[in-house]
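Subject: Structure for you to look at

Dear colleague,

I am handing over the structure we spoke about, and below it I have set out what was found in it. Please read the notes with the model open beside you.

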Amino acid sequence: MEVQHMHTLEPYDLVGVGFGPSNLSLAIALAEAGEARLGNTLFLEQQPGFCWHGSMLLEGSTMQISFLKDLVSLRNPRSRFSFINYLHEQGRLSDFINLQTFFPTRLEFNDYLRWSADKFADNCRYNSRVTSVSPILEQGRVTELELSVETPERPTTRIRARNLVMGVGGRPNIPQAFAPHRDNDRVIHSSDYLRRMDEIIRQNRPLRRVAVIGAGQSAAEIFHDLGNRFGHLELSLISRCRSMKPSDDSPFVNEIFNPEYTDYLYDRQDSQRQSLMEEYRNTNYSVVDMPLLETLFQWRYQQQITGETRLSFMFDTRVEQVEARDNGLQLALSSGESTAMQTLDVDLVILATGYRRDGATRMLEAIQPYLATQDGTPQVTRQYELQTDDRFEPRIYLQGACERSHGLSDTLLSVLPTRAQEIAQSLAAGSQSPAAHKPINARISA
Ligand SMILES: Cc1cc2nc3c(=O)[nH]c(=O)nc-3n(C[C@H](O)[C@H](O)[C@H](O)COP(=O)(O)OP(=O)(O)OC[C@H]3O[C@@H](n4cnc5c(N)ncnc54)[C@H](O)[C@@H]3O)c2cc1C
């Protein structure tokens, strides 16, 4: 295997893995703290260019968070990286105001993020997938980290870093029944939805029956998109949930996404934190925006009038087994308490089954022996820094992998600017401060 050693003389002060909104927000925070901070920083992104959930940029889909929660405004409302300044520079500020909305389309927000990301071209390398992180030892101490990076030109490039910030987002969650079929071209995860559908359309592959698995926002959006664009399809939405529920974004509840709530939640006991998150799960998980939910209900009602049966909603239903056939997939389904099975033959399955947040920990496997753990679980400070033992000098920060310790806002856009500031300040303050070592009960997502 050809290995290219880059920057063998000088390591980067900071390497960011992933260049999504989290690390982009950090890049801005570093830049606004002074050019020197950003100077020796490199972000590595596996995609060929900046793109925010590109395969879910469905026409008409809108943000589920106010545009005021952009990359910067909560930290620095005067920043030139604000969504409002983006609109101003695009010459659309007046027209956007006339839309009278807090919720731009995802297409527009992606364009805003890309506009911001383009300003960091010198600090970001695209087409660069980090496969692992290893410790570099000097007399028994870990002084730096070495990242293995895959690019289209080279299978492995090595990059050295004094400090690391992981912002890799989620990876597709594939339900057990579908695990043996994950490479079957009839099984698509929502994170790949538009790209794979475009492929199917280009190849003229015949499609008649499609099942969408899940009952959250992505499942509803995909069901709606398929129903709208492909009038001939027989669509089944299959979910363990007993019904589709609306997401709660009411104002009192929404306070859990305020930056200061992170302090409150982080300081709670483990069990208390878990039960708080359970209580507020319906702000983000397995829930759908009310207007979309109402549209789907109308579709189903309309069928009762016309007698059509093209769309079916199969709630309280589990996919127990999947069998690949020559001309499709056969799903074995159980429903409610019943042990009886029914089968459903489909040409295509879309898994809108969410994400796992263990990408960072998997990449960091080689440094596990140096991590401070509690009950076998690695610990994270309030400033998102992984706690390590005395032999370990580099600092490693996690963005988007600390939901269990920092709350439901951790995987969202809600606290990006303040989190970026906390990480930037912690980096500037030097190695883990005494405060960071105070007894904590925080845990990272596994
Ligand atoms: C369809 C969809 C819509 C959403 N809408 C909203 C919303 O309206 N409001 C909200 O608050 N949240 C929303 N979210 C939640 C979402 O997690 C955040 O919006 C945001 O994307 C989090 O940013 P991030 O940078 O942490 O992760 P991501 O956006 O997932 O970015 C991670 C980046 O890391 C890269 N990467 C991963 N692994 C590697 C590797 N090994 N090497 C190099 N690069 C790597 C990825 O390619 C990606 O670009 C939505 C999520 C989805 C899926």
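Let me begin with Cys-241, which at a relative accessible area of 26% is partly exposed. This cysteine belongs to the loop that runs between β11 (234–238) and α8 (251–254), and its C-alpha atom is separated by 19 Å from that of Gln-298, a residue 57 positions away along the chain. Please keep in mind throughout that this is a predicted model, and that what follows was computed from it.

Enclosed space

The structure holds 2 cavities of 30 Å³ or more. The largest cavity contains about 50 Å³ of space, and its lining is made up of Ile-256, Tyr-261, Leu-265, Leu-276, Met-277, Tyr-280, Gly-407 and Leu-408. Two helices, α9 (259–266) and α10 (270–279), each give at least two residues to that lining, which by class comprises 7 nonpolar residues, 1 polar residue and no charged residues.

For the second largest cavity the volume is about 40 Å³, and the residues around it are Met-166, Val-168, Gly-169, Arg-357, Ala-360, Gln-399, Gly-400 and Ala-401. Here the classes divide into 4 nonpolar, 3 polar and 1 charged.

An open pocket

Turning from cavities to pockets, I would point you to the second largest pocket, which has a volume of about 160 Å³. The residues that line this pocket are Asp-13, Leu-14, Leu-30, Ala-36, Arg-37, Thr-41, Asn-163, Arg-395, Ala-424, Leu-427 and Ala-428. Two or more of the lining residues come from each of β2 (12–17), α2 (35–39) and α14 (416–428), and the largest share, 3 residues, is supplied by α14. Sorted by class, the lining of the second largest pocket has 6 nonpolar, 2 polar and 3 charged residues.

A nonpolar patch on the surface

Leu-68, Ile-84, Phe-102 and Phe-103 together make a nonpolar surface patch of about 350 Å². Of these residues, Phe-102 sits in the loop between α4 (93–99) and α5 (106–118), and its relative accessibility of 46% places Phe-102 in the partly exposed class, because that class runs from 20% to 50%.

Salt bridges

Side chains of opposite charge can pair when their charged atoms come close, and in this model the count comes to 27 salt bridges. One of them joins Glu-146 to Arg-158, with 3.9 Å between the closest N and O atoms; Glu-146 is in strand β6 (residues 141–150) and Arg-158 in strand β7 (residues 156–166), and the two are 12 residues apart. Arg-158 is partly exposed, having a relative accessible area of 21%.

Another salt bridge is formed by the side chains of Asp-358 and Arg-171, at 2.7 Å from N to O. Because Asp-358 lies in the loop between β17 (355–356) and α12 (359–363) while Arg-171 lies in strand β8 (residues 171–172), this pair ties together parts that are 187 residues apart in sequence. The two partners fall into separate accessibility classes: Asp-358 is buried, with a relative accessible area of 7%, whereas Arg-171, at 24% relative accessibility, counts as partly exposed.

Arg-325 and Glu-323 also form a salt bridge, in which the closest N and O atoms are 3.1 Å apart. Arg-325 counts as partly exposed at 37% relative accessibility, and Glu-323 is likewise partly exposed, with a relative accessible area of 42%. Elsewhere, Asp-192, Arg-195, Arg-196 and Glu-199 are joined into one network by salt bridges that share partners.

Backbone angles to check

Two asparagines deserve a look for their backbone angles. Asn-127 is not a glycine and yet has a positive phi of about 55°; this residue is found in the loop between β4 (124–125) and β5 (129–138), and with a relative accessible area of 32% Asn-127 is partly exposed. Asn-204 also has a positive phi, near 60°, and is placed in the loop between α6 (193–202) and β10 (209–213). At 68% relative accessibility, Asn-204 counts as exposed.

With best regards

Key
Residues numbered from 1 in each chain as written. Predicted model: local features only at pLDDT ≥ 70, side-chain atom pairs only at ≥ 80, totals over all residues. Heavy atoms only, no water. 1 Å grid on protein atoms, 1.4 Å probe; cavity = no way out; pocket = protein on both sides within 12 Å on 5 of 7 lines; lining within 4 Å. Points joined across faces, edges and corners; volume = space filled by probe spheres on them. Helix = DSSP H or I, 4+ residues; strand = E, 2+ residues; numbered from the N terminus. Nonpolar A, V, L, I, M, F, W, Y, C, P; charged D, E, K, R; others polar. Patch = residues over 30% accessible without salt bridge, like charges linked within 9 Å, V, L, I, M, F, W, Y side chains within 5 Å. Areas by Shrake-Rupley, 256 points an atom, 1.4 Å probe, with all protein chains shown as cover. Salt bridge = Lys/Arg side-chain N within 4 Å of Asp/Glu carboxyl O. Buried < 20%, exposed > 50% of the residue type's maximum accessible area, 1.4 Å probe, protein only.
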